[in-house]
Amino acid sequence: SGCNVGLSLSLFQSSKVSLEWGGIGPSSMQTLASGVGAVFAGGTRDWLVTLDLDVAFGMEESGAIRAEGARRLAGVLGECTALEYLNLRGNAIGAEGTGRLAEVLGGCTALAHLNLRGNEIRAVGARRLATGLVKCKALVHLNLSSNGVGAEGASRLAEVLGQCKVLAYLDLGFNAIGAAGAQRMAEVLGECMVLAHLDMTSNEIAPHGAASLAGVLGKCKALEHLSLEFNGIGAGGAGRLAGVLGECKALAHLDLQN
């Protein structure tokens, strides 16, 4: 059931709660949420800035908080008005847990870094997450890789990402969004004026998806890092991209390996 998180005073004296690598499991998430709630009850609501519950690969079985833990976390997260960094990588919260978090993200007005990599959120979770992301006006870094959101999930996310005006880092790798998903993302990337890092590794976008992205990359003037490896874009897709990359004056890293 993960490690045992005690309600020691020292845990809640710091603005950073970091319990990464081994994970804590859903039962200990209850303890952690209770501790955070107790601090809030004491009248202090702006102390928590960083919450890192990263679960290392291979530790998910015992350490992941899962949907139940996400539900308990959501119970206090909406009051974390100073929270800037939230890392829940590898916690298997699924679509249900993602939905619970999305309901309260609007209260995290300072949230700048959100990592939900490897949480099995699928298309349903992406749809529910989108409703919360639209309220995250300070969001700079978003990692949703390895979640199997597919073309439908990418489409839902695309509906709101254009409104994340300070988004600089976006990782959608390993989500099987396909050419259709790439096309939907391309329609909004031009609105992400400060986007510097875009990773769409292993998404099966094929030549058509690459062509869609090529049509918008010229507008991404701040883009420094672009990863499109393992997408089967072929010579045709690579050619379309090559025709516009000269307009990306800030580009320093390009990966098209297949």
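The following paragraphs describe the fold, the nonpolar core, the salt bridges and several individual residues of a predicted model.

The secondary structure of the protein chain consists of nine helices and nine strands. The chain has 258 residues, of which 53% are buried. Its accessible surface amounts to about 10300 Å², and carbon and sulfur atoms account for 54% of that area. When contacts between residues at least 6 apart in sequence are considered, 85% of them join residues at least 24 apart.

The largest nonpolar core contains 72 residues, and the members that touch the most others are L77, L83, L114, L142, L170 and L217. At least two residues of this core come from each of the helices α1 (25–41), α3 (66–77), α4 (94–104), α5 (122–133), α6 (150–161), α7 (178–189), α8 (206–217) and α9 (234–245). For L77, the contacts beyond four places in sequence are L83, L86, L101, V104 and C108. Two of these partners, L101 and V104, are among the buried residues of α4. The other buried positions in α4 are G94, G97, T98, G99 and A102. The cover over the buried residues of this helix includes α3 and α5.

Five salt bridges are counted in the model. In one of them, the side chains of R89 and D54 meet with an N to O distance of 2.9 Å. R89 is located in the loop between β3 (85–87) and α4, whereas D54 is located in the loop between β2 (50–52) and α2 (60–63), so this pair ties together parts that are 35 residues apart in sequence. The two partners fall into separate burial classes: D54 is buried, at a relative accessible area of 7%, and R89 is partly exposed, at 26%.

A salt bridge also joins R71 and E68, whose closest N and O atoms are 2.6 Å apart. Both residues belong to helix α3, where a spacing of three residues separates them by about one helical turn. R71 is partly exposed, with a relative accessibility of 32%, and E68 is likewise partly exposed, with a relative accessible area of 32%. R71 and E68 are linked with R72 in a network of salt bridges.

A further salt bridge is formed by the side chains of E103 and R128, at 3.5 Å from N to O. This pair links distant parts of the chain, with E103 in helix α4 and R128 in helix α5, 25 residues apart. E103 counts as exposed, its relative accessibility being 54%, while R128 is partly exposed, with a relative accessible area of 27%.

D255 is an acidic residue treated separately here. The residue is part of strand β9 (residues 253–255). D255 is buried but takes part in no salt bridge, and the nearest side chain of opposite charge, that of R117, is 13 Å away. A polar atom of the D255 side chain does lie 3.1 Å from the backbone nitrogen of Q257. Beyond four places in sequence, D255 touches L226, S227, L228 and E229.

G181 occupies a position in helix α7 and is buried, with a relative accessible area of 0%. Apart from neighbours within four places in sequence, G181 is in contact with A151 and A154. The C-alpha atoms of G181 and V149 are 9.6 Å apart, and these two residues are separated by 32 residues in sequence.

The backbone geometry of two residues is also noted. Most residues other than glycine have a negative phi. E204, a residue other than glycine, has a positive phi near 60 degrees. This residue is placed in the loop between β7 (197–199) and α8, and E204 is exposed, with a relative accessible area of 57%. A206, also a residue other than glycine, has a positive phi near 60 degrees. A206 lies in helix α8 and is partly exposed, with a relative accessible area of 26%.

Notes:
Residues numbered from 1 in each chain as written. Predicted model: local features only at pLDDT ≥ 70, side-chain atom pairs only at ≥ 80, totals over all residues. Heavy atoms only, no water. Helix = DSSP H or I, 4+ residues; strand = E, 2+ residues; numbered from the N terminus. Buried < 20%, exposed > 50% of the residue type's maximum accessible area, 1.4 Å probe, protein only. Lys, Arg positive; Asp, Glu negative; His and termini not counted. Salt bridge = Lys/Arg side-chain N within 4 Å of Asp/Glu carboxyl O. Polar contact = N/O pair within 3.5 Å; in protein donor to acceptor, adjacent residues only side chain to side chain. Contact = heavy atoms within 4.5 Å. Core = buried A, V, L, I, M, F, W, Y, C linked by side-chain atoms within 4.5 Å. Areas by Shrake-Rupley, 256 points an atom, 1.4 Å probe, with all protein chains shown as cover.
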